[in-house]
Structures are given as C-alpha cells and as structure tokens.
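Colleague: I'd like to learn how to read the packing and the backbone here. Can you walk me through them?

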Amino acid sequence: MARKEHVSETPATALLKARGVPFTEHPYEYLEHGGAEHSARVLGFDPFTVVKTLVMEDEKARPLIVLMHGNRKVSTKNLARQIGAKSVEPCKPEVANRHSGYLVGGTSPFGTRKAMPVYVEETILGLPRIAINGGRRGYLVGIDPQVCVQLLDARPVRCALDET
C-alpha cells in the first residue's frame, strides 16, 4: 500500500495553517540550480503557474521579495521604477538566507525571519492556482494566488521578462 510522503512543518506551512489557508503539498526531488523549471517539469505543472520567491535589495541594501512566474525573469529596471527605487538587484545567496531565514532554493514568502515588502508580478494574481515554495528545498505548496495579497500585502507590479 502506497503511503503519502510526510513533509514536516515549516514556518511557511505553520503560518498558512494558523491563518486557515487551504493548501496542497507537492514534494519533489530537489535539483541544485534546477529552479522552478525543474520543479514544474517533475511535478507536471505549467512553469507559468510555479512561482519563484526572489529576495532582492534596493540601492540602500533594503531587502524586498519579488514573486515571479517560474519561466520569467525580473526586469530590475522596471521593478525599481515602479517601487520608487534607484536600483534593485538580487541579494547574494548568503544575504538572502539571512533575510528570509530560508535556504536559497527553498525560500517561501510566508513566515520569513524578517518582514520585507512583497511585490508580485500582476499576471500571477489572475491565475486560478499557483505552486509556490513551502519553505524547504524540494517542496511546493498549491494555493490561491490571492493569499499573497491577503497575508503578505503583496503589491502588484509589471516587471516580467521572457526567459531566454
């Protein structure tokens, strides 16, 4: 008899449960540098519905989170313009780990160590359901994208670029 793989709780899933947010669990075998494209492929999801959680910082080294489609990149120029920053760039992995409390590759926007402003690519909010990191490498949770606005006060932005 097959048994469901048990996934231990993370700060992200603890927050979702505490707030009564329904979610589905999607563990998969993590691949170093595989990214959202890898998780989408192994789980059979459309990479457009798998959302990356990216920890970035502005010119004053203030951290922020960007939620982006798995098969898109962030235009840092467009993002900076929309949030009133001079520039935005990805944090170094060790800095991102410190800000979020998660390891890069397992970063969830939920239950971060430090409160950071969250920006979400606006087209994500139009999807019926998304898969987003649940706080551990190799573990996505399926949620309604509106949860990002409700729990994180995520502000919509338009900064997606096609992956090339």
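Modeller: Start with a term: a nonpolar core is a set of buried Ala, Val, Leu, Ile, Met, Phe, Trp, Tyr and Cys residues joined through side-chain atoms within 4.5 Å. Buried means under 20% relative accessible area, exposed over 50%, partly exposed in between (1.4 Å probe, protein chains only). This is a predicted model, where local features need pLDDT of at least 70, side-chain atom pairs count only at pLDDT 80 or more, and totals for chains, interfaces and linings use all residues. Numbering runs from 1 along each chain as its sequence is written, and side-chain values use heavy atoms, without hydrogens or water.

Colleague: Which residues touch the most other members of the largest nonpolar core?

Modeller: In soluble globular proteins, nonpolar side chains tend to be buried together. Here the largest core has 28 residues, and Leu16, Leu67, Phe110, Ile130, Ile132, Ile143 and Cys148 touch the most other members. A second, separate core of 13 residues includes Val66, Val74, Ile83 and Tyr119.

Colleague: Is histidine 69 buried or exposed?

Modeller: Histidine 69 counts as buried because its relative accessibility is 1%. Its place is in strand β3 (strands are DSSP runs of E, at least two residues; helices are runs of H or I, at least four; both numbered from the N terminus).

Colleague: And what should I look for in phi?

Modeller: Most residues other than glycine have a negative phi. Histidine 33 has a positive one, about 65°, and sits in the loop between β1 (24-27) and α2 (35-43). Histidine 33 is exposed, at 75% relative accessibility. Aspartate 153 also has a positive phi, about 55°, in the loop between α5 and β9 (155-157).
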